[in-house]
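Work through the exercises below with the sequence and the coordinates at hand. Each task is followed by a solution in steps.

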Amino acid sequence: MSLHGIVDRIDTYNGYVRIIDYKTGHKNFKLPDILFGQNLQMLIYLYAVTKSGAFGDKSAGIFYFPAMRNKEKKDNRIKGIVVDNDDVLSAMDNSDGKEYMFTKKSKNNFVNEGDFEKIFEYLEKILPNQARNVINGNINANPVDGKGDDACKYCEFSGVCRMKDSEHTTVPKLSNPEVMEEIERQVNSSAD
């Protein structure tokens, strides 16, 4: 399988790599989405960059950054997940007011050291099957609403599949530790 993409921005610090994707609209990253095959692009970028080792081999985080500034500072904050490492966090945003970064109050923005490696194992497991489904034309009209995102909101094919007004599967509200438990369970079940 060969994937092509362009990373908007790569930042490094002491071997840690941070990927930023600039967005003109509103975009959130919620870890539970990946259990349903959503929000994988940034993780695939981080995987590719850290595995290459060209910029560093430790994962700091993935973030959506609003390309258009808003007068309300909270809207200027990046959305994503970051490794829970005070040294890395401090290096990412050296402004006194934490203008761009989120704070420790938002626990679902943090993962433990080593969690990105577990996520990458999960990606290695699910991506080949997803690619086979696309190649074989197995694309069901089964939209999944992510955490805070309507699956049909920007879909160009909503008139064809006619699922826009029907009930969709919704990503359950899970904490990051619960997501990591499920990822480990799925990765370990294939190893048995």
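**Exercise 1. Locate R18, classify its burial and find its charged partner.**

Step 1. R18 sits in strand β2. The coordinates belong to a predicted model.

Step 2. The relative accessible area of R18 is 10%. The cut-off for buried is under 20%, so R18 is buried.

Step 3. The side chain of R18 makes a polar contact of 2.6 Å with the side chain of D11. This pair is also a salt bridge, with the closest N and O atoms 2.6 Å apart.

Step 4. D11 has 19% relative accessibility and counts as buried.

**Exercise 2. Describe the salt bridges E117–K51 and K118–D115 by distance, position and exposure.**

Step 1. A search of the whole structure gives seven salt bridges.

Step 2. E117 and K51 meet at 3.0 Å, N to O. E117 belongs to helix α3 and K51 to helix α1, so this salt bridge ties together parts that are 66 residues apart in sequence.

Step 3. E117 is partly exposed at 33%, and K51 is partly exposed at 45%.

Step 4. In the salt bridge of K118 with D115, the closest N and O atoms are 3.8 Å apart. The cut-off is 4 Å, so the pair is counted as a salt bridge.

Step 5. K118 and D115 both lie in helix α3, three residues apart, about one turn of the helix. K118 is partly exposed at 29%, whereas D115 is buried at 7%.

Step 6. Salt bridges with shared partners join R9, D11 and R18 into one network.

**Exercise 3. Classify the geometry of two aromatic pairs and state which elements they link.**

Step 1. The whole structure holds three aromatic pairs. Y22 and F65 are one of them, with 5.7 Å centre to centre and 75° between the planes. Planes over 60 degrees apart count as edge-to-face, so the pair Y22–F65 is edge-to-face.

Step 2. Y22 is in strand β2 (residues 16-23) and F65 in strand β3 (residues 58-66), 43 residues apart, and the pair links distant parts of the chain.

Step 3. Y22 is partly exposed at 33%, while F65 is buried at 15%.

Step 4. Y47 and F120 have 5.3 Å between centres and 70° between planes, again edge-to-face. Y47 lies in helix α1 (residues 41-52) and F120 in helix α3 (residues 115-135), so this pair ties together parts 73 residues apart in sequence.

Step 5. Y47 is partly exposed at 24%, and F120 is buried at 1%. Ring pairs link Y47, F116 and F120 into a cluster.

**Exercise 4. Which residues have the most contacts inside the largest nonpolar core, and which element supplies the largest share of this core?**

Step 1. The largest nonpolar core has 39 residues, and L31, F116 and I183 have the most contacts inside it.

Step 2. Elements that each supply at least two residues of this core include β2, α1, β3, α3 and α5 (176-191). The largest share, seven residues, comes from α3.

Step 3. Leaving out residues up to four places away in sequence, L31 touches I81, V111, I119, N176, V179 and M180.

**Exercise 5. Summarise the chain as a whole.**

Step 1. The chain has five helices and seven strands, in the order β-β-α-β-β-α-β-α-β-α-β-α from the N terminus.

Step 2. Of its 192 residues, 37% are buried.

Step 3. Among contacts with a separation of 6 or more, 66% are between residues 24 or more positions apart.

Step 4. The accessible surface is about 11800 Å², and carbon and sulfur atoms account for 48% of this area.

Notes. Residues are numbered from 1 along each chain as its sequence is written. This is a predicted model: local features need pLDDT of at least 70, side-chain atom pairs count only at pLDDT 80 or more; totals for chains, interfaces and linings use all residues. Side-chain values use heavy atoms; hydrogens and water are left out. Rings of Phe, Tyr and Trp (its six-membered ring) pair if their centres lie within 6.5 Å; planes under 30 degrees apart count as stacked, over 60 as edge-to-face and the rest as tilted. Helices (H or I, at least four residues) and strands (E, at least two) are DSSP runs, numbered from the N terminus. Buried means under 20% relative accessible area, exposed over 50%, partly exposed in between (1.4 Å probe, protein chains only). A nonpolar core is a set of buried Ala, Val, Leu, Ile, Met, Phe, Trp, Tyr and Cys residues joined through side-chain atoms within 4.5 Å. Contact means heavy atoms within 4.5 Å. A polar contact is a pair of N or O atoms within 3.5 Å; within protein, one must be able to donate a hydrogen and the other to accept it, and residues adjacent in sequence count only if both atoms are side-chain atoms. Accessible areas come from the Shrake-Rupley method with a 1.4 Å probe; for residues, only the protein chains shown count as cover. A salt bridge is a side-chain nitrogen of Lys or Arg within 4 Å of a carboxyl oxygen of Asp or Glu.
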